[in-house]
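Grab a pencil and work through these short exercises on one protein model. Try each task yourself before you read the solution below it.

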Amino acid sequence: MGPGTPMGELLRRYWHPVAPAMELRERRVKPVRLLGEDLLLFRKQDGGHGLISRHCPHRRADLALGWVDGDDMRCAYHGWAFDASGRCVSQPFEEAGPAGGFRDKVRVASYPTATLGGLVWAYLGPDPAPLLPDFEPFSWSHGFVEVIMTELPCNWFQCHENGVDPVHFEWLHSNGNVVRGNPDARDYVATHLDIEFLEFEYGFVNGRVVDTVDAPKGEYARTSNVADGGILCLWPYTLVSGSTIEFRVPMDDRRTLNITWQYSVLPEDVSTGEQDSDTVPYWYGPYTDPETGDVIMSHTLNQDFATWAGQGAVTDRTSEQLGRSDAGITMLRRRYFEAIQQVARGEDPPGTVRDPGANVRIQLPIHSKSYYTEGMPRAVFEEKLAARKRSGLFGIGGFHAVQAGRPEHLQARYEEIAGIAE
């Protein structure tokens with residue numbers, strides 16, 4: 001994970017989302033742990049961002065205790081200041097002395113940043129940096145966008161493997177919701193008959209075939225052929241379902257920052273327009289119930305979180321017994337070993353974008369894409385919403401948050417925009 005390690009070198013060839021842009025408007029200074037490094041993100045007076053080492057090189061004070069001074073980050077301990085490139089630009093007491101200070105000899109590590117989709121991104125790798133991929137969902141205009149942040153006590157890769165495991169949806173989410181609603185119920189949903197995967201330029205398409213002949217009435221994990229698109233597992237650790245983009249950002253070997261970009265589809269008679277990055281709302285979703293301490297299992301992503309962390313901080317893969325449902329897992333692991341070798345040879349890893357002309361609303365093979373890009377007829381929207389309210393599965397379909405803990409003011413704002421507020 002750290003610099004110089006095989007996986008650390010691979011991950012440092014990609015851009016990483018680190019914080020909601022709106023959060024930096026509100027607090028201006030935010031500690032960040034990314035790829036095993038302790039960093040400090042700050043918003044400059046000009047609206048840009050700086051990302052530098054968290055500790056002042058003078059006496060190792062925590063720069064997070066300081067403040068933004070113009071476009072620089074000033075240490076609270078003795079007033080030393082650093083710009084976004086890591087240069088020391090001020091040493092107040094030293095500069096008042098006869099020697100005039102020695103700021104030209106002092107630097108901290110710094111990394112480039114960018115904003116896209118309501119998020120601040122960082123690149124920790126060597127120059128020249130690749131382009132930050134401009135995937136098309138960031139430009140969709142028929143959905144309510146919000147960013148959800150949750151820290152998880154486990155390694156990022158066991159989270160990412162979930163993205164090529166379609167069969168888990170049948171049991172963890174669909175059948176699990178049936179039993180959690182009624183422990184004696186065995187009215188199971190449609191079973192998976194087959195799964196398939198297709199690799200493309202930016203990752204993998206998940207396809208599946210489910211048997212709905214003998215299944216009880218209800219909604220099921222959809223059947224899709226990879227040629228028609230599906231749920232996507234993108235490099236280096238991203239899942240795209242249409243209604244969500246989920247980033248499993250590695251803080252270090254034993255902690256993951258899960259960032260969910262949720263896109264709640266609106267009726268076709270409502271268009272939000274492309275949202276400005278600085279105004280996309282955000283919230284922090286809990287991993288455990290604050291009252292009981294129990295792991296939350298009520299919402300789709302919380303169910304995922306529980307299983308990932310339940311494998312341990314770093315799961316012991318030598319004790320696994322893989323089967324037919326794990327074809328995507330073995331494929332993903334093999335491709336990561338190959339990507340590590342690509343970087344070791346001095347090559348770009350998969351999913352790298354360097355052509356500016358191609359980096360404009362990059363199209364992705366998402367299943368039923370028009371549902372997200374055009375919205376849905378209002379009658380259909382309200383019918384589906386009523387069905388989900390009856391079932392209690394608010395997270396499915398994006399009508400309510402896919403995670404527990406959505407603030408009431410955001411729920412009210414979504415309902416107002418959708419035209420369903422009471």
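**Exercise 1: a histidine in a loop**

Find where His367 sits between helices, and decide whether His367 is buried or exposed.

*Solution.* Keep in mind that you're looking at a predicted model.
- Step 1: Place the residue. His367 is in the loop that runs between α7 (327-344) and α8 (370-373).
- Step 2: Check the accessibility. His367 has a relative accessible area of 15%. The cut-off for buried is under 20%, so His367 is buried.
- Step 3: Look at the side chain. The side chains of His367 and Ser368 are joined by a polar contact of 2.9 Å.

**Exercise 2: the two faces of a helix**

Work out which residues of helix α10 are buried and which exposed residues sit on the face turned away from them.

*Solution.*
- Step 1: List the buried ones. In α10 (residues 408-418) these are Leu410, Gln411, Tyr414, Glu415 and Ala418.
- Step 2: Ask how they are arranged. They span an arc of only 135 degrees around the axis, so they lie on the same side of α10.
- Step 3: Recall the helix rule. With 3.6 residues a turn in an α-helix, residues three or four places apart point the same way.
- Step 4: Flip to the face turned away from the buried side. There you'll find the exposed residues Glu408, His409 and Glu416.
- Step 5: Step just past the helix end. Gly419, just after α10, has a positive phi of about 80 degrees.

**Exercise 3: hunting for disulfides**

Count the disulfides, then explain why Cys159 and Cys233 don't form one.

*Solution.*
- Step 1: Remember what you're after. A disulfide is a covalent bond linking the sulfur atoms of two cysteines.
- Step 2: Count. The structure has 0 disulfides.
- Step 3: Take Cys159. The closest cysteine sulfur belongs to Cys154 and is 3.7 Å away, which is too far for a bond, because the sulfurs would have to be within 2.5 Å. Cys159 is buried, at 0% relative accessibility.
- Step 4: Take Cys233. The closest cysteine sulfur here is in Cys159, 12 Å away, so again too far for a bond. Cys233 is buried too, at 1% relative accessibility.

**Exercise 4: reading a sheet**

Give the strand order of the open sheet of 4 strands and name its edge strands.

*Solution.*
- Step 1: Write down the order. It is β5-β6-β7-β8, and the pairing is antiparallel.
- Step 2: Pick out the edges. β5 (67-69) and β8 (88-90) each pair on one side only.
- Step 3: Zoom in on one pair. β7 (residues 81-82) runs antiparallel to β8, and 2 bridges connect them. Ala81 is opposite Ser90 in β8.

Notes
Residues numbered from 1 in each chain as written. Predicted model: local features only at pLDDT ≥ 70, side-chain atom pairs only at ≥ 80, totals over all residues. Heavy atoms only, no water. Buried < 20%, exposed > 50% of the residue type's maximum accessible area, 1.4 Å probe, protein only. Polar contact = N/O pair within 3.5 Å; in protein donor to acceptor, adjacent residues only side chain to side chain. Arc of directions from axis to C-beta. Pairing = 2+ DSSP bridges.
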